[in-house]
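Subject: A structure for you to look at

Hello,

Here is the structure I promised to pass on. Have a look at it first, and then read on for what turned up.

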Amino acid sequence: MVLFMDLDGFKIVNDSLGHEVGDHLLVLVAKRLRRSLRPEDTLARFGGDEFVVLLEDVEDPGEAVRIAERITNELKRPFVMDGRSFVASVSIGIAQGNARTKSPLDLLRDADTAMYRAKNEHTDHRVFDPAMYERALKRLELESDLRRGVEDQEFVVHYQPIVDLETGETWGMEALLRWEHPERGLLEPSEFLSIIEESGLAIPTGEHVLEEACCQAQRWQEQRPFTPPPVVSVNLSAVELERSNVAHVGAEILGKTDLNPRRLSLDVTEATYIRILEERIATLDLLKELGVGVAIDDFGAGYSSISYLKRLPADILKIDRSFVRGVGEVVEDTAIVRMVIDLAHTLGMKVVAEGIEERAHAALLAEMGCDMGQGFYFSRPLLPEVR
């Protein structure tokens, strides 16, 4: 039986406190790992912040799980170095086999696959099963397809209207990425977005969407010179926002496309706001100084902490569809939506209700004072030439 372990967030220690502190932490972790094992077990540092354990004479996966739990509990006790306290969490993959069925490399591969499964699921440990390998293989194939798709320009931008609930007029258009896969057809972001972010393609893909949306917004402005053109809304991922030059990139694209910055709004999810609140708030301020609008997307799906709302440079708050679906039918959802609308207006923000699918919901939201709505009731996302 083999355990494959990877320390979570270790890169942050190295980057913020230096490699000397990181190396010292690894030594302390190794000592605790050794204390968690039996005398006959073998512990080795595999590389970087990865460790491997060979469990002798263990055939029951339950016993390996108990050892993994002992390790995670041992590491949860804080480490103290130079007056600083650290808590080291670890992701553990468990693989079972013997010399007749598995080679050492096969065992390591299986344990490594299970470890990444545990990390992606934010759990302490996972036992390998063959389905994991199939998923990993499909993921590898999809990542390869993604890179080819970027090169072959298979990604397209669809637009969904954001409607003024009082007048029924289109206020804006949200730009939504789609992938025209040559074999699987049109794919939505839920099928590939996480892989884009993890494979390093989020930044070039995000810039492509932003530039394409700005170009399209400028075309709409030229086509309708005597009517207010729609504001184009573009999603900004955590990966993009963590780039120090995202405001500079935005300014370059606005200049290149000659788009009025007030015709552009950038959507940042509530969860991303929380993640970058302290470090990247200045980036949002720079975008605001350009004249670009900023929206809090998916409000209610994450932390929903009211205290941070007044600290954010946002113009728009988008209520998550999970609450909108229950408006008028679920007492709690209706009360929450009403409260969020009133709160946002008090803070000087406009409100967009996402995921409206029924006429009754649109009417009730308008009655509550919600400014705008978006969802299949008005239109599905479509290519610009279809509109």
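The expected span of a helix is 1.5 Å times one less than its number of residues. Please keep in mind throughout that this is a predicted model. With that yardstick, helix H5 is a good place to begin: its 22 residues reach 32 Å from the first C-alpha to the last, close to the 32 Å expected.

Before going further into H5, here is the overall picture. The chain has 387 residues, and 46% of them count as buried. Its secondary structure comes to 13 helices and 16 strands. Along the principal axes, the C-alpha atoms fill a box of roughly 80 × 50 × 45 Å. The accessible surface is about 19,900 Å², with 51% of that belonging to carbon and sulfur atoms. Among contacts with a separation of 6 or more, 64% are between residues 24 or more positions apart.

Back to H5, which covers residues 130–151. Which of its residues are buried? They are Met132, Leu142, Leu146 and Gly149. Seen down the helix axis, these buried residues fall within an arc of 100 degrees, so they line one face of H5. Their cover includes helix H4 (104–120) and helix H6 (193–198), along with strands S7 (125–127), S8 (155–164) and S9 (170–181). On the other side of H5, Pro130, Leu140 and Glu151 are exposed.

Two residues of H5 show the contrast well. Met132 counts as buried because its relative accessibility is 3%. Leaving aside neighbours within four places in sequence, Met132 is in contact with Thr113, Ala114, Arg117, Arg126 and Val127. Leu140, in turn, counts as exposed because its relative accessibility is 56%. Leu140 also belongs to a nonpolar surface patch with Tyr133 and Leu137, and together the three have about 260 Å² of accessible area. Just after the helix, Gln153 has a positive phi, near 55 degrees.

Helix H4, part of that cover, has a buried residue worth a click: Asp110 lies in H4, and its relative accessible area is 1%. Apart from residues up to four places away in sequence, Asp110 touches Ala95, Lys102 and Phe128.

Two other helices can be read in the same way. Helix H2 (residues 19–36) has 18 residues that should span 26 Å, and its end C-alpha atoms are 25 Å apart, which agrees. Its buried residues are Val21, Gly22, Leu25, Leu26, Val29, Arg32, Leu33 and Ser36. They fall within an arc of 140 degrees around the axis of H2, so they line one face of the helix. Glu20, Lys31 and Arg35 are exposed on the other side.

Helix H12 (residues 331–346) has 16 residues that should span 22 Å, and the distance between its end C-alpha atoms is 23 Å, which agrees. Asp333, Thr334, Val337, Val340, Ile341 and Ala344 are buried in H12. They cover an arc of only 130 degrees around the axis, which puts them on the same side of H12. What do the buried residues of H12 pack against? The list is strands S13 (293–299), S14 (316–319) and S15 (350–353), plus helices H11 (321–324) and H13 (359–368). The face turned away from this buried side carries the exposed residues Val331, Glu332 and Thr346. After H12 comes Gly348, whose phi is positive, near 80 degrees.

Last, the charged pairs. Side chains of opposite charge can pair when their charged atoms come close. How many salt bridges does the structure hold? There are 21. One of them joins Asp315 and Lys288, at 2.3 Å from N to O. This pair links distant parts of the chain, 27 residues apart: Asp315 sits in the loop between S13 and S14, and Lys288 in helix H10 (residues 270–290). Asp315 is partly exposed at 27% relative accessibility, and Lys288 is partly exposed at 29%.

Glu121 forms another salt bridge with Arg117, with the closest N and O atoms 2.9 Å apart. Arg117 is also one of the residues in contact with Met132. The side chains of Asp60 and Arg66 meet as well, at 4.0 Å from N to O. Finally, Asp145, Arg148, Asp152 and Glu154 are linked in a network of salt bridges.

Enjoy exploring!

Best wishes

Key: Residues numbered from 1 in each chain as written. Predicted model: local features only at pLDDT ≥ 70, side-chain atom pairs only at ≥ 80, totals over all residues. Heavy atoms only, no water. Patch = residues over 30% accessible without salt bridge, like charges linked within 9 Å, V, L, I, M, F, W, Y side chains within 5 Å. Areas by Shrake-Rupley, 256 points an atom, 1.4 Å probe, with all protein chains shown as cover. Helix = DSSP H or I, 4+ residues; strand = E, 2+ residues; numbered from the N terminus. Buried < 20%, exposed > 50% of the residue type's maximum accessible area, 1.4 Å probe, protein only. Contact = heavy atoms within 4.5 Å. Arc of directions from axis to C-beta.
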